[in-house]
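Dear colleague,

Please find below the sequence and structure that I am handing over to you. My findings follow after it.

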Amino acid sequence: ATPNPWWANAVVYQIYPRSFQDSNGDGIGDLKGITSRLDYLADLGVDVLWLSPVYRSPQDDNGYDISDYQDIDPLFGTLEDMDELLDEAHKRGLRIVMDLVVNHTSDEHAWFQASRDKDDPHADWYWWRPARPGHEPGTPGAEPNQWGSYFGGSAWEYDPKRGEYYFHQFSKKQPDLNWENPEVRKAVYKMMNWWMDRGIDGFRMDVITLISKKVDKNGRLPGEEGSEIADLPVGEEGYSNPNPFCADGPRQDEFLAEMRHEVFDGREGFLTVGEAPGITPARNEHITDPENGELDMLFLFEHLDADCEDNTKWKPTKLELPKLKEILNGQQNAVSKAGWASLFFDNHDQPRIVSRWGDDSTKETREASAKALALLLHMHRGTPYIYEGEELGMTNAHFTELDQYRDLESLNAYRQRVIETGVQDSESMMHGIAERSRDNARTPMQWDGSKYAGFTAPDAATEPWISVNPNHVEINAAAQCDDPESVHAFYKQLIDLRHRNPVVAAGDFRLLDASDRQVYSFVRALSSKDGQVAKRLLVMVNVSGEIARIPSETAALLPLDVDESHIVITTHDSAHTKLSLTKRELAPWEGVAIEL
Ligand code: TEU
Ligand code: CA
């Protein structure tokens, strides 16, 4: 296989520009704000910044609905501001990866507006289907099929100008592009090259594994009249889920290999990471094996889809630790010979992990569980992703009123599930939204304890677009940057460890005591050239709020008397951990890696 690429021991930091730093007092984060925080990011030690979209957009889905790929939305600044950010980042050794959203465009994109005319060359750039009165999507016997949108309602929207329906997996302002059309693919690659030539360092690719749709040999969609593929049965809200037909479709590998060839061949020092709903660990291995020339890595979601009832995001349940071990172990094993893994718990779509799987109820348990979960994630094999504020132990919003939320996914879901169909009652839905709304990750970054947490000036003309979490007075960067015991300091240690310890970056992974319900433990081993095991790390994390016995398989590997010199990193102080290990136990939320 190819020698270890530069990103094999890199750490990526995700910025949600809208919530990161406002520089002009309009209550919305912007590019100049990011540039003003580059020293903080360089000091943290991360290698790559991934920016969520800042292109021109109606902001229906906070920028994931793009109306001009080659311009910056005035909300965030200008192309010159982008060039300045790139320049200032590169001066600090930071690379910048942009968010590529090409499964769909905004309905306000020129391509879609042109496509509304059947005689225009763009007519076949989207998924259009004729309408027959009385067969509207969402009604029994609907045409072309009963698909529902991720954001509620039908996935088919009627356009009066063209007199047909167009397909949108997400909001009706996000029509899916037709990747079967080579003109679409050519236009996408042209735009990608324009950005790479401008000096960006790669892309995070939004739902890139949904671009190939499963059609029959005559191009007919499932459930469509005459199609060889039947539609799936409708779910509780009266629609079927398009995911089985759009995730990892028949031409997935062909499109990704073509993109690699058309955009990245001949370039170096770049990173491509695909957001991959519906992808299994085995398919991850294929897509990320460099021999297949597709993507460097993917985001898999099995672990973040597991803690809910009957696959419904709005019915959160507690994730049992053995289940998490089984999923992450499967992902690690799949890429033990070839291919690569991304490591993430947080992003702009997910609730914050310290509230989800940790305990944010007190300062002590919040800090301890944030560190324990960080150690657990960062000591796996792969490339870790830190989401803005995760390094501070920022928590969920804990909103109590519907009007505090901004995210169309949550608001549409409430309207559809409580008001329109009644499949969930208001109280349980408000609980589900409080636990799982994407807005939990989108409250402003907490820089200091001032009125708006330093996200925008205390005397700003406009309130932030979404409420600042009141707990910013105690959870903020200013309070942590000089505190060696802080969550922030612990993330710096983890990042530094990945940079300088080859076992962390490249060692293989072996899970221990898979059935233990409190302790997550594994071994990372690096063999020397001649196959001798050179160095081993034993990682043990008590992912619970109670004292835990160290389980037998793990305990068997412990030296009789653990010396502090064995301890590579610990969430507590070394003396405490030495005592814990000697007693073959771990304190609540205690995590440690020792050298064997
Ligand atoms: O997310 C796609 C996606 O799968 C998420 O919508 C996820 O399924 C859901 O939020 C979790 O319940 C990407 C972007 O990350 C997201 O912000 C966009 O809304 C979406 O695509 C459409 O572009
Ligand atoms: Ca601003």
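The notes below cover conventions, the calcium site, the nonpolar cores and one sheet.

This is a predicted model, in which local features need pLDDT of at least 70 and side-chain atom pairs count only at pLDDT 80 or more, while totals for chains, interfaces and linings use all residues. Residues are numbered from 1 along each chain as its sequence is written, chains are lettered from A and ligands numbered from 1 in the order in which they are written, and side-chain values use heavy atoms, without hydrogens and water.

Calcium site. The calcium ion (ligand 2) has as protein donors Asp22 (OD), Asn24 (OD1), Asp26 (OD), Ile28 (O) and Asp30 (OD), at 2.2 to 2.3 Å. Donors here are N, O and S atoms within 2.8 Å of the metal (3.2 Å for Na, K and Ca); water is not among the atoms, so the site may look incomplete. Along the chain, the donors are spaced as D-x1-N-x1-D-x1-I-x1-D. Both Ile28 and Asp30 are buried (under 20% relative accessible area, 1.4 Å probe, protein chains only).

Nonpolar cores. A core is a set of buried Ala, Val, Leu, Ile, Met, Phe, Trp, Tyr and Cys residues joined through side-chain atoms within 4.5 Å. The largest has 141 residues, and Tyr13, Met82 and Met192 have the most contacts inside it. Another core, of 16 residues, lies apart from it and includes Trp147 and Phe167.

Sheet. Three strands (DSSP runs of E, at least two residues, numbered from the N terminus) form an open sheet in the order E6-E8-E7, with antiparallel pairing (at least two DSSP bridges between two strands). Its edge strands are E6 (128-130) and E7 (156-159). E6 pairs with E8 (residues 164-167) over three bridges, and Pro130 stands opposite Glu164 in E8.

With kind regards

Key: Buried < 20%, exposed > 50% of the residue type's maximum accessible area, 1.4 Å probe, protein only. Helix = DSSP H or I, 4+ residues; strand = E, 2+ residues; numbered from the N terminus.
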